[in-house]
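Colleague: I'm new to reading models like this one, and I'd love a close look at a single part. Could you walk me through it slowly?

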Amino acid sequence: MEVDVLGIDLAKQVFQLHGASRSGLVVHRSKVSRQGLLTAVRNLKPRLVVMEACSSAHYWARRLQAMGIEAKLISPQYVAPFVKTNKNDRNDAEAIVEAASRPTMRFVPVKTVEQQDMTALHRIRQLLVQQATAVINQVRGILGERGIVIAKSPAAFYRAMPDVLASDDAELTQFCRGLLVSLLEHLRSIEERITEADGKIKGFMRSSALCQKISAIDGVGAVTATAIVAAVGDASKFRNGRHLAAWLGLVPRQHSSGGKSRLSGISKRGDVYLRTLLIHGARSVLRFVADKTDAQSKWLRELIGRRGFSRAAVALANKNARVIQALLSSDRDYVRPGAA
């Protein structure tokens, strides 16, 4: 009997295959090595191959698509409910097929190599920013133990350090000063690499029409635009803008029953990095709405008065996510609210 849907439980070296017919009957089970995976799939000739969206899934999906085989990816959270009894590779592969057979199942778009390049650059930049923050906090901690307190902001840190190192405070020994200078040199090298990463992000920005289109939105800069295009890709896969906002965790968390709706704070599902970028971008917009007279600024001022600054920032981030979905899934250009 022919294999209609083939589920693959991915791993580093040994892969579990589970094939089912159109009616759902199990017709194939096997384990294959990494080297023999593509050959095994080619011999089975499945109509559809399904995998969980993990670290190597996009690579294998591209390889299968190059062979003319349809490949789809499913988020692991949608596969977990179909795992029977104990979790193992065989049950995982079967659960992938069961989940893919559901008519309402949502699939993850397969990323291109270019999208993964942009994603890798953002991850490296994020790591460098975390390392720079860690060094600043370490220096602040060392100084705090000697009674020297510096404000938390990086700007205050950089302003204060020359005076701290030049002071004649007896608590700050020459040995400790040498350690601090070494840390500051390390911090400077990290910042140079962050600047280099920012330059590469701007290069992606200049070469991508989609990035340039959504960067016209207030609160969406080069970093946010490239990160979203890298992660989202084909936004038409989302039914509408709210679907994208929900995927980013920017919609209210719901717990409703018996016809009574209960909504709380945002769900915080999806990509934390993208959600953070959108919210920080929204915060930067809110800082300058006081003296503006356009329709969006008036709405934001009213929203800040009713709900507070933080909730207004989340609301604007939600709105921007919806606008981004509309722009990425159509040929339209961004028009600012109230523009003629």
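Which parts of the chain each supply at least two residues of the lining of the second largest pocket? And once you've covered that, please carry on to the strands at the start of the chain.

Modeller: Sure thing. Keep in mind that this is a predicted model. The parts you're after are strand E7 (263-266), helix H12 (295-307) and helix H13 (309-328), each of which supplies at least two residues of that lining. H13 gives the most, with six residues. In total, 15 residues line the pocket, and its volume is about 380 Å³. Want to find the middle on your screen? Look for Pro252, Ile266, Arg311, Val314 and Ala315, which lie nearest the centre of the pocket. Sorted by class, the lining has nine nonpolar residues, along with three polar and three charged ones. As for how such spaces are found, rolling a probe the size of a water molecule over the atoms shows where empty space is left.

Now to the strands. Start with E1, residues 5-9. Five of its five residues are buried, so E1 is largely enclosed by the rest of the structure. In a regular strand the side chains alternate between the two faces of the sheet. You can follow that here: Val5, Gly7 and Asp9 point one way from E1, while Leu6 and Ile8 point the other way. Whichever way they point, all of them are buried.

What does E1 pair with? One partner is strand E2 (residues 14-20), in the antiparallel sense over five bridges. A hairpin of four residues joins E1 to E2. To trace the pairing, match Val5 with its bridge partner Ala20, then match Ile8 with Leu17. E1 also pairs with strand E4, this time in the parallel sense over four bridges. There, Ile8 stands opposite Met51. So Ile8 is a handy residue to click on: its bridge partner in E2 is Leu17, and Met51 faces it in E4.

E2 is mostly covered too, with six of its seven residues buried. E2 pairs in turn with strand E3 (residues 26-33), in the antiparallel sense over seven bridges, and Val14 has Ser33 as its bridge partner there. Another hairpin links E2 and E3, with five residues between the strands. Look for Gly24 in that turn, where phi is positive at about 95 degrees.

Finally, follow the chain out of E4, residues 48-52, into the loop that leads to helix H2, where you'll meet Ala53. Ala53 is partly exposed, because its relative accessible area is 24%, and the cut-off for buried is under 20%. Leaving out residues up to four places away in sequence, Ala53 touches Leu73, Ile74, Pro76 and Val108. Asn43 sits 10 residues from Ala53 along the chain, and their C-alpha atoms are separated by 24 Å.

A little further on is His58, which lies in H2, residues 57-66. His58 counts as buried because its relative accessibility is 9%. Its side chain reaches the backbone nitrogen of Lys111 at 3.0 Å. With the same sequence neighbours set aside, up to four places away, His58 touches Leu73, Val108, Pro109, Val110, Lys111 and Gln116. Try showing Leu73 and Val108 together: Ala53 touches both, and His58 touches both as well.

Definitions and conventions: Residues are numbered from 1 along each chain as its sequence is written. This is a predicted model: local features need pLDDT of at least 70, side-chain atom pairs count only at pLDDT 80 or more; totals for chains, interfaces and linings use all residues. Side-chain values use heavy atoms; hydrogens and water are left out. On a 1 Å grid over the protein atoms alone, a cavity is a set of points where a 1.4 Å probe fits but cannot get out, and a pocket is an open set with protein on both sides within 12 Å along at least five of seven lines; lining residues have an atom within 4 Å of a point. Grid points are joined across faces, edges and corners, and a volume is the space filled by probe spheres set on the points. Ala, Val, Leu, Ile, Met, Phe, Trp, Tyr, Cys and Pro count as nonpolar, Asp, Glu, Lys and Arg as charged, and the others, Gly among them, as polar. Buried means under 20% relative accessible area, exposed over 50%, partly exposed in between (1.4 Å probe, protein chains only). A polar contact is a pair of N or O atoms within 3.5 Å; within protein, one must be able to donate a hydrogen and the other to accept it, and residues adjacent in sequence count only if both atoms are side-chain atoms. Contact means heavy atoms within 4.5 Å. Two strands pair if DSSP finds at least two bridges between them.
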